[in-house]
Each structure stands twice: as structure tokens, then as C-alpha cells.
Amino acid sequence: MVVRLRLARHGTRNNPFYHLVAIQNTKARDARPIEKLGEYDPVPRRVRPAQMHHMHGENRPGFNGQIISPGIQTDVRMEKRIEWNENRIKYWLNTGAQPSKPVARLLDRAGLIPLEKRSLYKGLFHPPSHLPEGSIESASKE
């Protein structure tokens, strides 16, 4: 039985949401997985600001030299959300599970794929081995 680490699509149309799952290779994309390893939301969403607590007394804005803001956020941060269980992902990779290309790219960016195993997985950037390390930048510009 070949086990793959891949993304199972959930959510609605134009609003995707993915579960990172360990699943048998022959199963359908959204079939029941062996184990759910995490969640990935590729749509950038607003980061929730910290909860504002009501302040009473002289520590309110406008007192003690504090500046009163209009309440409109000018610096809205948008982030993609990803949550996963690193221990279980490392377990599945050590038992021989093969990640799909998008999952391999995500795991590589997070540093979960060891350098010695990078050549085993498809979808990752592999610098040319016949060029010296300093000439990779010059080869990519051509």
C-alpha cells in the first residue's frame, strides 16, 4: 500500500480550503484519509486584531497624553493560514510516505524535509549539480 501526503480540497467555489492528509495513493482526492495531518488556507485573510479590553478610569485613550485614534485600521495584515502536526508529518515521511508536489513545496519551505532526502521528492528546486555553487545565479539569468 503506497501512502501519499496530499491536499484534500474542502470549502466552497472560489473559496478553497485544504486538509493535509495521509491517504492511500489509489483513493480519490476527497476520500476518507488514513490520518488528517493539518489544514491549509491559501486565500489571504485578515489577521484578527487582539481583543480590546474596556479600560475604565484615567487610563482611557485621550487621558494621560494618549492619542485618540479614529478606530479605522490603516495597516491591515493579510495572511495565509497553515497549521499542521510536525511530529506526525515526520513520522509519515520516515515510514516512506511520498508527498505530492504542492505538499513537498510547502514542507520544504517550512524546513521539514531533510537535505539528504530533497532529491527523492518531486516538485522541489534542485540546483544543477554540474555547475559550481557561485554560478547558479548567472545560469538562472540566461
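# Burial, packing and pairing around Trp-92

Trp-92 has a relative accessible area of 12%, and so it falls under the 20% limit for a buried residue. In this predicted model, Trp-92 is one of the buried residues of helix α1, which spans residues 86–94, together with Ile-89 and Leu-93. These three lie on the same side of α1, because they cover an arc of only 100° around the axis. Asn-87 and Asn-94, by contrast, are exposed on the other side of that helix.

Once neighbours within four places in sequence are set aside, Trp-92 is in contact with Val-3, Leu-5, Ala-22, Ile-34, Glu-35, Leu-37 and Ala-97. For α1 as a whole, the buried residues pack against β1, β2, β3, β4 (78–84), β5 (98–99) and α2 (101–110). The N-terminal end of α1 is capped by Asn-85, a side-chain oxygen of which lies 3.3 Å from the backbone nitrogen of Asn-87, and after the helix comes Gly-96, with a positive phi near 110°.

## The second helix and the core

Helix α2 can be described in similar terms. Its buried residues are Val-103, Ala-104 and Leu-107, and these are placed on the same side of α2 because the arc they cover around the axis is only 100°. Among the elements that cover them are β1, β2, β4, α1 and β5. Gly-111 follows α2, and its phi is positive, near 80°.

Which residues touch the most other members of the largest nonpolar core? That core holds 18 residues, and the ones with the most such partners are Leu-5, Leu-37, Ile-89, Trp-92 and Leu-107. Two or more residues of this core come from each of β1, β2, β3, α1 and α2.

## Strands and the surroundings of His-19

Strands β2 and β3 run antiparallel and are joined by five bridges, while β3 and β4 also pair in the antiparallel sense, over six bridges. Across the β3–β4 pairing, Asp-41 stands opposite Arg-81 in β4. On the side of β2, His-19 stands opposite Glu-39 in β3.

His-19, which belongs to strand β2, has contacts beyond this opposite residue. Leaving out its neighbours within four places in sequence, His-19 is in contact with Arg-6, Leu-7, Ala-8, His-10, Lys-36, Gly-38 and Glu-39. With His-10 there is in addition a polar contact of 3.3 Å between the side chains. A computational chemist choosing protonation states may note that His-19 is buried, with a relative accessibility of 17%.

## Aromatic pairs and a loop residue

The model contains two aromatic pairs. The pair formed by Tyr-18 and Tyr-40 is stacked, with 6.3 Å centre to centre and 25° between the planes; the angle counts as stacked because it is under 30 degrees. This pair links distant parts of the chain, since Tyr-18 sits in strand β2 and Tyr-40 in strand β3 (residues 35–46), 22 residues apart. The other pair, Tyr-91 and Trp-92, is edge-to-face, with 5.4 Å centre to centre and 75° between the planes. Its angle meets the requirement for that class, which is over 60 degrees.

Asn-14 lies in the loop between β1 (3–12) and β2 (15–24), and this residue has a positive phi of about 60° although it is not a glycine. The accessibility of Asn-14 is listed below beside that of three residues described above.

| Residue | Relative accessibility | Class |
|---|---|---|
| Asn-14 | 71% | exposed |
| Tyr-91 | 41% | partly exposed |
| His-19 | 17% | buried |
| Tyr-40 | 16% | buried |

## The chain as a whole

The protein has three helices and five strands, which follow the pattern β-β-β-β-α-β-α-α when read along the sequence. Of its 142 residues, 23% are buried. Among contacts between residues at least 6 apart in sequence, 42% join residues that are at least 24 apart.

How values were computed:
Residues numbered from 1 in each chain as written. Predicted model: local features only at pLDDT ≥ 70, side-chain atom pairs only at ≥ 80, totals over all residues. Heavy atoms only, no water. Helix = DSSP H or I, 4+ residues; strand = E, 2+ residues; numbered from the N terminus. Buried < 20%, exposed > 50% of the residue type's maximum accessible area, 1.4 Å probe, protein only. Phe/Tyr/Trp six-rings, centres within 6.5 Å; stacked < 30°, edge-to-face > 60°. Polar contact = N/O pair within 3.5 Å; in protein donor to acceptor, adjacent residues only side chain to side chain. Contact = heavy atoms within 4.5 Å. Arc of directions from axis to C-beta. Pairing = 2+ DSSP bridges. Core = buried A, V, L, I, M, F, W, Y, C linked by side-chain atoms within 4.5 Å.
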